[in-house]
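Let's take a look at one sheet and a handful of charged pairs. Have the structure open as you read.

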Amino acid sequence: MRVGIMIILLFFCVARGISQNTFSIAFHETPVKEVLEKLEQQTGYIFSYSPAVLNPLAPITVSIQQADLEQVLNSVFKPLGITWEIFGGYIILKKRKRFFTVYGRIYDKESRERLIGASVYDSRLRIGAATNNYGFYTLLVPEGEVSLNYSYVGYQGSVYQFNLKTDTVLNVELHPTLNLGEIIVTQPSIPEWAKNTQAGQLEFPIFTANVLPKLLGESDLLKAVQLFPGVRAGIEGMAGLLVRGGNRDENQFLIDDIPLYNANHLLGFFSAFNSDAVKNVNFYKSSFPARYGGHLSSVTDVRLKEGNMQEYHGSFSVGLLSSKFNIEGPIEKNRSSFNITARRTYIDLIGAPIYAAVSNTSDSKENVGYNFADINIKLTRVFSKQNTLSFIFFWGDDHLKYKKDEKDSYYMAPERIRDNMHGTWGNLVVGLRWDKMITPGLYVNTVFSYNRYRTFMNKKYQHETFSGDTIQLKKIRFKSSQEEWRIKSDFTRVVNNWNRLCFGGHYIYHVFVPEKRLTLRKVEGIETALRKWIRHREYAHEIALYVEDEMTIKENLTMNPGVRSILFRVGSTNYFSLEPRFSMQYRWNDHWSTKASYTLMSQYVHQLGSSMLNMPTDLWVPVSDKVKPMKSHQCVVGIYYYPHVRWHLSLEGFYKTQNNLMDDDNGLDITPAYLDWKENTRSGKGRALGLEWMLRKTGGKTNGWINYTLSRAYRWFPDCSVNQGQRFPAMYDSRHMVNLVLLHKFSDFFDISATWTFNNGFYTTQPLERYNAPTTLPGEKGEKKKDIIFHVEKRNNLKTPDYHRLDLGINFHRRRRHGTSTWSINLYNAYCRLNTIGLSPDYSVSYDEQRECQYFSNDWLFPIIPSFSYTFTF
């Protein structure tokens, strides 16, 4: 014991003595070898080096007074690009390696489409990178011989070997290996949780949605997202999203970085995303990177195809509901391209005559017509290796017409009723995007955009005598819109292979324009004229700045801290928020990893209207001096296991708090009192927590996934304005959710798909008691009548039956001379489960009116629905 202590003290004293030695040197235009000889004499150390290290060096000049050994060595060798290391009595000199940047884009060799999420990896140095949303990558590599491996799912990998002496631009083309008929529902073979720190992120190419069973033959991107854990639809057949206890308006949809405020057609039964125009999708339900903001629950980042720069290709499809086509090709080969996709339904052309034939009589004629259409256009121009310009255009509209002409012969003099209504609502998006590589390690993407969502509805009701005299005339005109102009820039700076910095910001100018005009005129009896015209505009300015850093602390530990700041000004009211974001991943070994994240999100724009359907009269409104921004805190912890490259298992738990949640008292018809909407909303709180489990197999002839979600979501309003301040379940709180997806490819010509989904239904507010109240008090004269008063004890007091549904799909492929044809046969709700979309209360009364029994009738929408579609790709 004593000997050990003495050795330690002796070592400490020697080390202290060495550290206290100081040296003074001065050399002027002296060869490096002479400098080393003088240093050996003064320090007592011997220099060891290869002659190739010193031969190319010129004489040096240096002067140092009273410095320790470390300072002397750094002053002499650091300017020469030489590293040193003390080993015993030797000082070993080595030439410092210089690092250079290899950067560029990765393309599809056949179409010259930029590939998102493609990988570049140096197996010797165990360093790598992935392309961003614009196909750009950056990798810092030491000088000398390098061997880089480029890969992407469905493409043949490539290896590039060369001697690196300077910064190098290397654009790589990968050759696709997949056949058109194959079923692949995955991203690259390396799981996403093995590559990034985001828990709750889902990345998948668009053919995931294309191979799933379809409603009325129309593939739908958002319906595919609904099949993943923590996500559900509202009611039967809806394409909207409800994510981890959030509402409809808490989801953000982006098309090439441009927001889309209404992502639905047909009142929400189909999404506005045409799958033929989409390249890939990133979906976030937690761990939001700092570059995203403005909504609480989720972000769906959709990237459009740029178009083939080599050849002309396209497709057309005919289904039970709609027809669509896609055409793409080069404008100038290898320099510019176009991609145009259009779609239109023909419900009005087929359904309207059938409806008229069934419902029309000699005294009554009705005509109903509905259709939706959308167009996607993307033009891309490559000016140089550093500059690319893209033009994005999206237009989508819904059109509804209703006309009724009815004769009423009940009275002595015949009368006539005419009822006409037509409406249009939809989106317009125009954007210009500029991608530029400023330096080898700095990339910027700038977007200038305009988007608009507007609604116009006109209704005329006329009651007249058969001779043409007007008895009653009523006109209603409704118009609203939400517009925004935006400029947004995102910078990516690669500091080194272990540190990638992203920063940027945006400015948005919002214009909210609701309007309603109501005219009511009675001609006979008491003449009354009522005119109400609401025309109101609100303007808002939004500025956001963000910074986030992806850091690799160790080879198995990655962290992604970030912060986002927002200034939102509406009228004379300013709101400022600072939103920290943090996520991390720790890889225990090649098969196990753990992730954790914390996110604060704020939302400054709200949607008023129906909570079940995407009605045209729903309005987007900003915060005000009385309506505060909604805020959400979310914490997530996850464990991920991938025993094989094709098998992925994940378990995630989340806890989310929500503040300043809105609840409006006007229900569906909020427009007549729009100027008072701020007075008719209530601010509450919410909580959501859950556990999500998912097992997924990718690749091979059979693939798919199964997931289970155990969750709970509830609300309360501390000011007692709703439900007496007591806690109540959220409308779409579902304790148990299960999704099963199975896809199997028998051959290149035949494949099948099946999905089964289950949840615990939704909550609805219903009167569970009613009683009669006389219209006259005791002792008063008058006709003895009774009013029925319904009593609602609390909010969301009744739960609908469990929801479950099986969908089946079969695809037949045939290779033709000029392309490939595909017949798709789909069966929606295969065992005809009549799932509830609403409950209607009713009562049965005994003959003596002494006993009353209440019951609820089940309102359902879709029985079993077969459909087909034909697609030809050339």
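Are Glu692 and Arg244 buried or exposed? Both Glu692 and Arg244 are buried. Keep in mind that this is a predicted model.

## A buried pair with a long reach

Glu692 and Arg244 make a salt bridge, and their closest N and O atoms sit 2.8 Å apart. Glu692 belongs to strand 42 (residues 681-697), while Arg244 is in the loop between strand 17 (242-243) and strand 18 (251-255), so this contact ties together parts that are 448 residues apart in sequence.

## Two more salt bridges

Next up are Lys459 and Asp419, whose side chains meet in a salt bridge at 2.9 Å, N to O. Lys459 comes from strand 30 (residues 442-465) and Asp419 from strand 29 (residues 415-439), so here the parts tied together are 40 residues apart in sequence. How exposed is Lys459? Lys459 is partly exposed, at a relative accessible area of 31%. Asp419, on the other hand, counts as buried because its relative accessible area is 12%, with the cut-off for buried being under 20%.

Then there's Asp490 with Lys488: their side chains form a salt bridge at 2.4 Å, N to O. Asp490 is buried, and Lys488 is buried too.

## The wider charge picture

How many salt bridges does a search of the whole structure find? The count comes to 21.

Some charged residues join up in a network. Which residues are linked this way, along with Arg114? Asp256, Glu306, Lys378, Arg433 and Asp435 are in the salt-bridge network with Arg114.

## A four-stranded open sheet

Now for the sheet. Four strands make up an open sheet in the order 8-7-10-12, and the pairing is antiparallel. Why do strand 8 and strand 12 each have one side without a neighbour in the sheet? Strand 8 (127-130) and strand 12 (158-164) are at the edges and each has a single partner strand, so one side of each stays free of a neighbour in the sheet. Going from one strand to the next, the twist averages 20°.

Inside that order, strand 7 (residues 119-122) and strand 10 (residues 144-151) run antiparallel and are joined by three bridges. To find your place along this pairing, look for Val120: the residue opposite Val120 is Tyr150, in strand 10.

Technical notes
Residues numbered from 1 in each chain as written. Predicted model: local features only at pLDDT ≥ 70, side-chain atom pairs only at ≥ 80, totals over all residues. Heavy atoms only, no water. Pairing = 2+ DSSP bridges. Helix = DSSP H or I, 4+ residues; strand = E, 2+ residues; numbered from the N terminus. Axes fitted to C-alpha atoms, helices over the stretch in contact; angles between N-to-C directions. Salt bridge = Lys/Arg side-chain N within 4 Å of Asp/Glu carboxyl O. Buried < 20%, exposed > 50% of the residue type's maximum accessible area, 1.4 Å probe, protein only.
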